[in-house]
Amino acid sequence: MKSWKLLIVALVVAVVTACGNGNNKESGQPASNGNNTENAGKAVEIVMLNSKGQIHEALENAAQAFMNENSNIKVNILTVPSGQSPFERASVLYSSGTPATLNMLDAGDIAKFKDKALDLSGEKWVKDLAAPNELDGATLAFPFAVEGYGLVYNKAVVEKAFGGAFDPASVKTLADLESLFQTIEKSGISPILVGGMPWSLGNHFLPLSYAAQEGGDVAAFLASLKAGEANLADNASFNGLMDTFDLMKAYNSGKKDPLSVTAENIAAAVANGTSAFTFNGNWMISQLLEVNPDGEYAFLPVPIDNAINAKSAGAIAVGATKQIFIDKSESTPEQQAAAKQFLEWFVYNETGQDFLVNKMGIIPATSNNPLEPSDSLGKSIKSYMDSGLTVSFGANYVPGDHSKVIGASMQKYLANSTDRAGLAKEIEAFWKGKE
């Protein structure tokens, strides 16, 4: 009897030991690395942090199409909540020890995660980039989307006010813009509805003044702000841009309560034709088409009369805005390989290319994609690009808190809670001493 008891105890110990060895958390190994017998045949699971809320559904559909072709990979899409910056969301995930495998961030935030980003310099698509995308001599992120912004307008509304075709190249100065607004107002339509969103005002509109500096060297101008050497009160490009903003404020149909005007409001107004213009980017096309599927839209460059950079005249801001890095700190080699495969699918697979351009309305950053933008705003951007009428996308050079801090300063100016001198001081104070 005693020998049977000893045998039972031995068996229990063996089972417990086996179970304990199966728990890799204690040994510091990943719970599932795809290499052992237990996990053989299981799909490698990866998470993609998506910071473009308007493509959430299309991106989920793309992930499903990719998984249909690659049954050994499971892709989960995690979209940044409205009102939270991509930088903040990625930081929270890292703090909790559960970072996404693929992280889509604003271009200016990639540098903050460079110690966690996998070096992608050897990837096949690097040679097909329309423009280099390096940080400290290495390609650490995949440029997911080329985007642009300016004054978005409803073509039918403007042409009706003009009684015929409208050429955006005819508007070169502030006086030209005011004359245009007056013509539209006489037709009984609001010339413009200005959005009160901090990300639009702080990260898109104001950086036009950074891009319009002499030589168009955004980094050099920001360096002078960081060093406390730049004086915005006397800066021609800053004052020129703010002169334009003052004109936009004067004709703004939402000026009674400007901070309550949302992205949905401006899209609906332009799509419905109650306002001819707004300030925004090509990412709003899905909202426009949702309201008016038959609408045609285009971009008018924001005039900056006093800009000393001649290239900024008649040009819109264009750049590879959303960029994706692959985590190397927590993800397994198998997850990293799966993430690379997902990115490559968008570049070279016909289904992936179709999702990127036709389903998401993205202008690809790689030159090999044969598909042309199908939507009117994408086509408008492409026409400016083909004509060489683009300036740097200033938001690509700013830190993650620029949107919130400077966006709030611009909101105060929009609501007449501060004057231009006060705004200039707040911008200078934000940049001084920044790394």
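Before the pockets, one term: helices here are DSSP runs of H or I with at least four residues, numbered from the N terminus. With that in hand, the helix that gives the most to the lining of the largest pocket is α6, with four residues. Keep in mind that this is a predicted model.

Let me stay with that pocket. It holds about 1,300 Å³ of space. Its lining is made of 44 residues, and Ser51, Gly83, Gln84, Trp199 and Lys322 are the ones nearest its centre. Besides α6, which spans 198–205, the helices α3, α10 (263–272), α11 (285–291) and α15 (402–414) each supply at least two lining residues. By class, the lining of the largest pocket splits into 19 polar, 15 nonpolar and 10 charged residues.

Next, the second largest pocket. Its volume is about 980 Å³. Of the 37 residues lining this pocket, those closest to its centre are Ala107, Gly108, Gln323, Asn396 and Tyr397. Two or more lining residues come from each of α8 (218–226), β9 and β11. The top contributor is α8, with four residues. The class split for the second largest pocket is 25 nonpolar, seven polar and five charged.

That brings me to β9. Why is this strand, residues 316–320, described as largely enclosed by the rest of the structure? Five of its five residues are buried, so the surroundings largely enclose it. Buried here means under 20% relative accessible area. Ile316, Val318 and Ala320 point one way from β9, while Ala317 and Gly319 point the other way.

What does β9 pair with? One partner is β5, residues 146–154, in the antiparallel sense over four bridges. In that pairing, glutamate 147 sits opposite glycine 319. Another partner is β11, residues 390–392, which runs parallel to β9 and is joined to it by three bridges. There, isoleucine 316 faces threonine 390.

Now the sheet. Five strands form an open sheet with mixed pairing, in the order β2-β1-β3-β10-β4. At the edges are β2 (73–79) and β4 (142–143), each pairing on one side only. Inside the sheet, β1 (residues 44–50) and β3 (residues 102–106) run parallel, joined by two bridges. Leucine 49 stands opposite asparagine 103 in that pair.

Two helices to mention on this sheet. Helix α12, residues 333–348, packs on it and touches β1, β2, β3, β4 and β10, with its direction at about 55° to that of β1. Helix α3, residues 86–95, lies across β1, β2, β3 and β10 (322–326), and runs at about 145° to β3.

Notes. Residues are numbered from 1 along each chain as its sequence is written. This is a predicted model: local features need pLDDT of at least 70, side-chain atom pairs count only at pLDDT 80 or more; totals for chains, interfaces and linings use all residues. Side-chain values use heavy atoms; hydrogens and water are left out. Buried means under 20% relative accessible area, exposed over 50%, partly exposed in between (1.4 Å probe, protein chains only). Two strands pair if DSSP finds at least two bridges between them. Contact means heavy atoms within 4.5 Å. Axes are lines fitted to C-alpha atoms, for helices over the stretch in contact, and angles run from 0 to 180 degrees between N-to-C directions. On a 1 Å grid over the protein atoms alone, a cavity is a set of points where a 1.4 Å probe fits but cannot get out, and a pocket is an open set with protein on both sides within 12 Å along at least five of seven lines; lining residues have an atom within 4 Å of a point. Grid points are joined across faces, edges and corners, and a volume is the space filled by probe spheres set on the points. Ala, Val, Leu, Ile, Met, Phe, Trp, Tyr, Cys and Pro count as nonpolar, Asp, Glu, Lys and Arg as charged, and the others, Gly among them, as polar.
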